[in-house]
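Here are my notes from going through this model, written for someone at the bench. Have the sequence and the structure open as you read.

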Amino acid sequence: MNTALRTTFVLAALSLAALFAALWLGPIVLSDPFAPDQATRTIVFDIRLPRALCAWLAGAALGLSGAALQGLLRNPLADSGVLGLSGFAALGAVIAFVFGSAALAPALAVSFALAAALVVTTLGWAARGPASLVLIGVGLSSFAGGLIALALNLAPNPGALSDLVNWTLGSVEGRSMQHVALAGGLLAIGAVLIFAASRGLQALTLGEESAAAIGANLSSTRTLVVLGAAACTGGATAVAGIIGFVGIAAPHLVRAIAGHDPARILAPSAFAGGALLVCADISVRLLPTDTELKLGVAAALIGGPAFALIAARLGSRGGHA
């Protein structure tokens, strides 16, 4: 059994442990989350289980898309935000809130992420090269950020402004099994597309010219990865809002253990992202604050320092972060 496969099993077990812990822990600590009384069943199966699953699916989607995009662009700082996918997904949700159609926010988040992916792949197809994809994505991300800021500035009432701010800070509070189905379905679609491009990602480690020389279809690899990342990001943003850092950090945390093969770190990066976000969500529920800390804020506060320490240790050893 190779190191990447062992890491995948360990992170899968860690994900299951985090999900079970999420059923026990919260503002009310349950002695037996599987007790037959109605109050316990409501807390566990109607509130905590959908919330924990949404957090895991969003984290897994961001971890998987981040690992794929870092392999495609050969850029350790790449994630769905670099290509403008998460920015456009958030823009779709913001437009729904501005026009008073909060129920359409998930659908518009997914639609806008896919639209951004189509723009990136269409323009990148003609321009070719990872640098062109990054520049196109940065332009789209800046454009989406400007439109979101404009929406915040022109929010029609305090209620709409509150919804917009809550969405941009990220949260899985109050999610249902319908949200789980949405995020799970899009993660499955994105995973199929990304894993179909895994051989191309491996070939790209040799450089574009060498990859093309050994028969890798670079255009197909780019299209599959960008569309797969868009499906994953759209689903994650639809149920959890804007969650930063996970897409960058999860592949780095895995790469330090499982090596640098971009195809072999896809699955462990997904499990690492899922476990990281479930742990972050448990933390925000246990904090004794009057207002619950938003998940996006907690993910950055927990993962940022850990990521910086790992990067510093690898740098001091002359390794790759």
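The points below go from confidence, through the helices and the core, to a few single residues.

1. Confidence first. This is a predicted model, and the chain averages a pLDDT of 83, with 92% of the residues scoring at least 70. Helix H7 (residues 177-196) comes out highest, at a mean of 93, while helix H13 (residues 295-316) is lowest, at 70. As a rule, predicted coordinates should not be read in detail where pLDDT is low.

2. The record. An unreviewed UniProt entry lists residues 55-73, 80-99, 105-126, 133-156, 176-197, 224-250, 270-288 and 295-315 under "transmembrane region". I looked at two of these spans in the model. Residues 55-73 are 100% helix and 0% strand, and their end C-alpha atoms lie 27 Å apart. Residues 80-99 are 70% helix and 0% strand, with end C-alpha atoms 26 Å apart.

3. Helix H10. This helix covers residues 218-240, and its 23 residues should span 33 Å at 1.5 Å a residue; the end C-alpha atoms are 32 Å apart, so the two agree. At its N-terminal end, Asn217 acts as a cap, with a side-chain oxygen 3.4 Å from the backbone nitrogen of Ser219. After the helix comes Gly241, which has a positive phi, near 75°. How much of H10 is buried? The count is 19 of the 23 residues, so H10 is largely enclosed by the rest of the structure.

4. Helix H12. The same check on residues 266-286 gives an expected 30 Å for 21 residues at 1.5 Å each, and the end C-alpha atoms are 31 Å apart, which agrees. Of those 21 residues, 16 are buried, so H12 is also largely enclosed by the rest of the structure.

5. The core. The largest nonpolar core has 89 residues, and the members touching the most other members are Leu64, Leu72, Leu83, Leu187, Ile243 and Val278. Helix H2 (residues 38-73) supplies the largest share of this core, 15 residues. Leu72 is a good one to click on: leaving out residues up to four places away in sequence, Leu72 touches Pro130, Leu133, Leu201, Leu204, Thr221, Arg222, Val225 and Val226.

6. Gln70. This residue is found in helix H2. Is Gln70 buried or exposed? Its relative accessibility is 4%, under the 20% cut-off, so Gln70 counts as buried. The Gln70 side chain makes a polar contact of 2.9 Å with the side chain of Arg255. Beyond four places in sequence, Gln70 touches Asn75, Pro76, Ala78, Gly247, Ile248, Pro251, His252 and Arg255.

7. Ile43. Also on helix H2, Ile43 has a relative accessibility of 21% and so counts as partly exposed. Setting aside neighbours within four places in sequence, Ile43 is in contact with Leu30 and Arg48. Ile43 and Ser283 are 240 residues apart along the chain, and their C-alpha atoms are separated by 18 Å.

8. Ala39. Helix H2 holds this residue too. Ala39 counts as partly exposed because its relative accessibility is 49%, and the cut-off for exposed is over 50%. How far apart are the C-alpha atoms of Ala39 and Ala258? They are separated by 43 Å, with the two positions 219 residues apart along the chain.

Conventions:
Residues numbered from 1 in each chain as written. Predicted model: local features only at pLDDT ≥ 70, side-chain atom pairs only at ≥ 80, totals over all residues. Heavy atoms only, no water. Helix = DSSP H or I, 4+ residues; strand = E, 2+ residues; numbered from the N terminus. Expected span 1.5 Å × (residues − 1). Buried < 20%, exposed > 50% of the residue type's maximum accessible area, 1.4 Å probe, protein only. Polar contact = N/O pair within 3.5 Å; in protein donor to acceptor, adjacent residues only side chain to side chain. Core = buried A, V, L, I, M, F, W, Y, C linked by side-chain atoms within 4.5 Å. Contact = heavy atoms within 4.5 Å. UniProt positions renumbered as here; feature names shortened; annotations may be inferred. pLDDT = per-residue confidence, 0-100.
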